[in-house]
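Please look over the chain below. A short report on its strands, helix, cysteines and rings comes after it.

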Amino acid sequence: MSEQKKSKALFLLGLCRKAGKSASGEFACEDAVRKGTAHLVLLSADASRNTHKKFHNKCTFYSVPIIDTPFSKEALGAAMGQTARSCVAVCEPGLAKGIMEVLQIGSEVKKPSCEGIDEVD
């Protein structure tokens with residue numbers, strides 16, 4: 001991924017923070033996903049395996065797209081004007097779409113699937 005795309009994605013995260021349409025940190029992100037306000041979750045490259053597993057499972061269950069970014073915790077935190085953050089939830093659909101378009105190349109966007117889940121009538 002080019003430096004220009006990384007810079008644009010981090011700029012959009014900062015814009016999201018200034019608009020008050022984000023949640024950063026594990027607890028706030030988990031709460032945003034659970035409440036249905038998160039439209040995208042971004043995980044840092046150096047987040048723990050447990051954090052990755054927890055958010056991939058939660059985002060799949062609640063049908064929220066998730067991206068494993070190439071950014072460190074410090075880079076995500078700096079973009080948000082805060083200390084190191086392992087995850088960030090974007091709560092604005094337009095900004096989430098813009099960030100997904102920028103980060104889609106070079107990162108996998110995990111789209112939720114319902115494979116293996118039985119319907120209950």
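The report starts with the basis of the values and then moves from the strands to the side chains.

This is a predicted model: local features need pLDDT of at least 70, side-chain atom pairs count only at pLDDT 80 or more, and totals for chains, interfaces and linings use all residues. Residues are numbered from 1 along each chain as its sequence is written, and side-chain values use heavy atoms, with hydrogens and water left out.

**Strand 2 and its partners**

Helices (H or I, at least four residues) and strands (E, at least two) are DSSP runs, numbered from the N terminus. Strand 2 covers residues 40–43. Two strands pair if DSSP finds at least two bridges between them. The pairings of strand 2 are set out here.

| Partner of strand 2 | Sense | Bridges | Residue opposite V41 |
|---|---|---|---|
| Strand 4 (residues 87–90) | antiparallel | four bridges | A89 |
| Strand 3 (residues 66–68) | parallel | three bridges | I66 |

Both faces of strand 2 are covered. L40 and L42 are buried on one side, V41 and L43 on the other. Buried means under 20% relative accessible area, exposed over 50%, and partly exposed in between (1.4 Å probe, protein chains only).

**Helix 3**

Strand 2, helix 3 and strand 3 form a right-handed β-α-β unit. Right-handed means that, with the strands pointing away from the viewer, the path from the first strand over the helix to the second runs clockwise.

Helix 3 spans residues 49–61, 13 residues in total. From first C-alpha to last it reaches 18 Å, close to the 18 Å expected at 1.5 Å a residue. The expected span is 1.5 Å times one less than the number of residues. The helix buries T51, H52, F55, H56, K58 and C59. Just after helix 3, S63 takes a positive phi of about 60 degrees.

**Cysteines**

How many disulfides does the structure hold? Zero. A disulfide is a pair of cysteine sulfur atoms within 2.5 Å. Why is C29 not bonded to C87? Because their sulfurs are 3.4 Å apart, too far for a bond. For C29, the closest cysteine sulfur is the one in C87; for C87, it is the one in C29. C29 is buried at 0% relative accessibility. C87 is also buried, at 0%.

**Aromatic rings**

The whole structure yields one aromatic pair. F61 and Y62 form it, edge-to-face, at 4.9 Å centre to centre and 85 degrees between the planes. Rings of Phe, Tyr and Trp (its six-membered ring) pair if their centres lie within 6.5 Å; planes under 30 degrees apart count as stacked, over 60 as edge-to-face and the rest as tilted. F61 is exposed, with a relative accessible area of 65%. Y62 is partly exposed at 32%.
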